[in-house]
Amino acid sequence: MSSEHKGVHKATVSFSDGTPAIELPILKGASGPEVIDIRKLYGQTGKFTYDPGFLSTASCNSSITYIDGDKGELLYRGYPIDQLATQCDFLETCYLILYGELPNPAQKSDFVHRVTHHTMVHEQLQFFLRGFRRDAHPMAVMTGLAGALSAFYPDSMNLNDPHQREISAIRLIAKMPTLVAMAYKYSVGEPFVYPQNNLSYTANFMRMMFATPCEEYKVNDVLVRAMDRIFILHADHEQNASTSTVRLCASSGTNPFAAIAAGVACLWGPAHGGANEACLTMLNEIQANGGVAKIGEFIANVKDKNSTVRLMGFGHRVYKNYDPRAKLMRDTCHEVLNELGLQDDPLFKLAMALEKIALEDEYFVSRKLYPNVDFYSGIVQRAIGIPVQLFTAIFALARTVGWIAQLNEMITDPEYKIGRPRQLYQGAIARTVTPIAQRG
Ligand code: ACO
């Protein structure tokens with residue numbers, strides 16, 4: 001057991017099958033529920049635990065992000081998300097997530113310099129990208145591009161070398177915006193726009209997305225700030241599906257780029273990062289079917305036990321209260337729509353009406369289903385001009401720092417082991433192969 005673990009009590013586990021009772025340590029973290037340490041369970045009893053979906057299992061030690069789902073609290077390195085979203089920019093938040101403390105001005109300027117000077121990608125990556133169909137989903141492209149970085153930057157592949165890990169971290173944070181913008185430009189048949197180092201991280205991303213050789217992009221501070229906030233709100237979220245995927249993938253000792261590609265692939269799913277795309281598709285469908293007047297019908301369909309329709313952007317495995325990121329995203333949504341003169345945007349009005357009804361409906365109240373961050377982020381991105389299909393790629397861009405920090409934390413944890421879950425086998429027991437001619 002690590003010296004950081006404070007064993008406060010013990011749990012006695014007794015068995016009705018004659019197996020002798022055993023005592024298991026109970027560990028206490030800085031916050032959150034106590035954790036029963038079951039590492040010796042199998043060795044001492046020959047039994048595993050069963051926990052599909054990890055509903056009751058802490059898979060690792062972590063000091064990066066803390067969520068209190070009942071309170072609706074989210075902290076990065078101890079700082080509340082609303083303070084970070086209103087007082088810091090994304091690169092400061094990246095520094096905090098990676099190194100544990102907010103940077104002072106000198107540290108920030110050094111970090112910004114390092115990231116900024118890695119934003120260009122190897123020219124050959126363009127040709128790799130050009131191999132994709134133009135109508136490929138951006139997440140298919142991003143899964144490929146993230147993995148392909150390992151073929152272009154072989155000098156920062158060794159996970160066990162802190163220096164190489166550091167360079168790959170900076171490269172990934174710096175290059176993801178360039179790659180997302182390239183994937184977008186390719187999909188619309190426009191020339192790639194190279195990064196420009198005198199712009200901020202987020203302004204640079206917006207310019208690479210929206211500038212063309214014939215028209216310079218005018219930086220709009222409100223929109224840049226909104227996009228920066230989207231990045232901050234998505235930067236880390238403790239042991240979610242994609243982060244756990246990155247950890248599991250990296251636990252085999254693979255290189256950082258391959259591990260991040262695994263995270264991108266996982267994030268693609270509609271129950272995870274794909275939810276903002278799914279949410280906007282849902283709002284568009286309701287709007288096309290009659291808008292606010294049809295909300296009642298839609299909600300009835302969601303509540304119908306025989307239907308598989310879900311209210312996308314609602315519900316969360318951990319938050320059983322309003323997702324704190326959703327509140328900030330709703331404010332940002334107001335700011336962006338006002339800036340663009342879209343106050344009467346029908347989808348925003350529909351989303352607010354849907355939220356109001358769902359928050360009062362017994363079905364959602366009793367299941368503690370509240371809006372999550374994706375409920376409003378799609379509307380913001382659409383207003384900025386981001387195509388719906390690109391939403392999840394932007395989420396991946398923002399989450400890259402969290403994935404890297406979690407990967408670094410795992411590799412430097414003295415208790416780190418290759419991830420290898422066990423199973424409750426339900427298949428056929430050992431049997432003998434019948435020669436094919438005798439099989440009926
Ligand atoms: N709409 C309608 N009903 C829902 C929803 C929803 N969005 N989410 C959960 N429920 C219901 C389930 O049907 C179930 O009801 P039951 O007890 O009558 O069977 C109950 O609430 C519990 O649902 P689970 O699926 O067991 O909850 P879980 O914690 O496993 O799921 C999840 C969390 C996957 C996020 C779910 O709420 C969902 O599918 N939401 C919509 C997709 C979404 O917005 N995902 C984004 C998550 S945030 C992120 O990844 C950044």
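Ala11 is in contact with Ile22, Glu23, Leu24, Ile26 and Ile36, leaving aside its neighbours within four places in sequence. The model shown here is predicted. Ala11 is found in strand S1, which covers residues 6-13. Take its partner Ile36. Ala11 and Ile36 are 25 residues apart in sequence. In space, their C-alpha atoms are 7.3 Å apart. Is Ala11 buried or exposed? Its relative accessibility is 13%, so Ala11 counts as buried. The cut-off for buried is under 20%.

Now step back to the whole protein. There are 18 helices and 6 strands. The radius of gyration is 24 Å, and the globule rule gives 22 Å for 440 residues. The two values are close, so the protein is as compact as a globular protein of that length. Along its principal axes, the C-alpha trace spans about 80 × 65 × 55 Å.

Contacts across the sequence come next. Among contacts with a separation of 6 or more, 70% are between residues 24 or more positions apart. Of the 440 residues, 48% count as buried. The accessible surface comes to about 21,800 Å². Carbon and sulfur atoms hold 53% of that surface. As for charge, the protein has 42 positive and 44 negative side chains. The centres of these two sets lie 6 Å apart.

Next, look at a sheet. Strands of a sheet pair through backbone hydrogen bonds, either parallel or antiparallel. Here an open sheet of 3 strands has the order S4-S5-S6, and its pairing is antiparallel. Which strands form the edges? They are S4 (65-68) and S6 (79-80), and each pairs on one side only. Strand S5, residues 73-76, is joined to S6 by 2 bridges. One residue pair can be picked out: Tyr76 has Tyr79, in S6, as its bridge partner.

Finally, turn to helix H17, residues 374-384. How many of its 11 residues are buried? The count is 10, and the helix is mostly covered. The buried residues include Asp374, Phe375, Tyr376 and Ser377 towards the lower numbers. Ala383 and Ile384 are also among them. What do the buried residues of H17 pack against? Their partners are helices H8 (201-210), H9 (221-233), H12 (275-288), H14 (324-339), H15 (346-360) and H18 (391-411). After H17 comes Gly385. The phi of Gly385 is positive, near 110°.

Technical notes:
Residues are numbered from 1 along each chain as its sequence is written. Side-chain values use heavy atoms; hydrogens and water are left out. Helices (H or I, at least four residues) and strands (E, at least two) are DSSP runs, numbered from the N terminus. The radius of gyration is taken over C-alpha atoms; the globule rule is 2.2 Å times the number of residues to the power 0.38. Buried means under 20% relative accessible area, exposed over 50%, partly exposed in between (1.4 Å probe, protein chains only). Contact means heavy atoms within 4.5 Å. Accessible areas come from the Shrake-Rupley method with a 1.4 Å probe; for residues, only the protein chains shown count as cover. Lys and Arg count as positive and Asp and Glu as negative; His and the chain ends are not counted. The place of a charge is taken as NZ of Lys, CZ of Arg, CG of Asp or CD of Glu. Two strands pair if DSSP finds at least two bridges between them.
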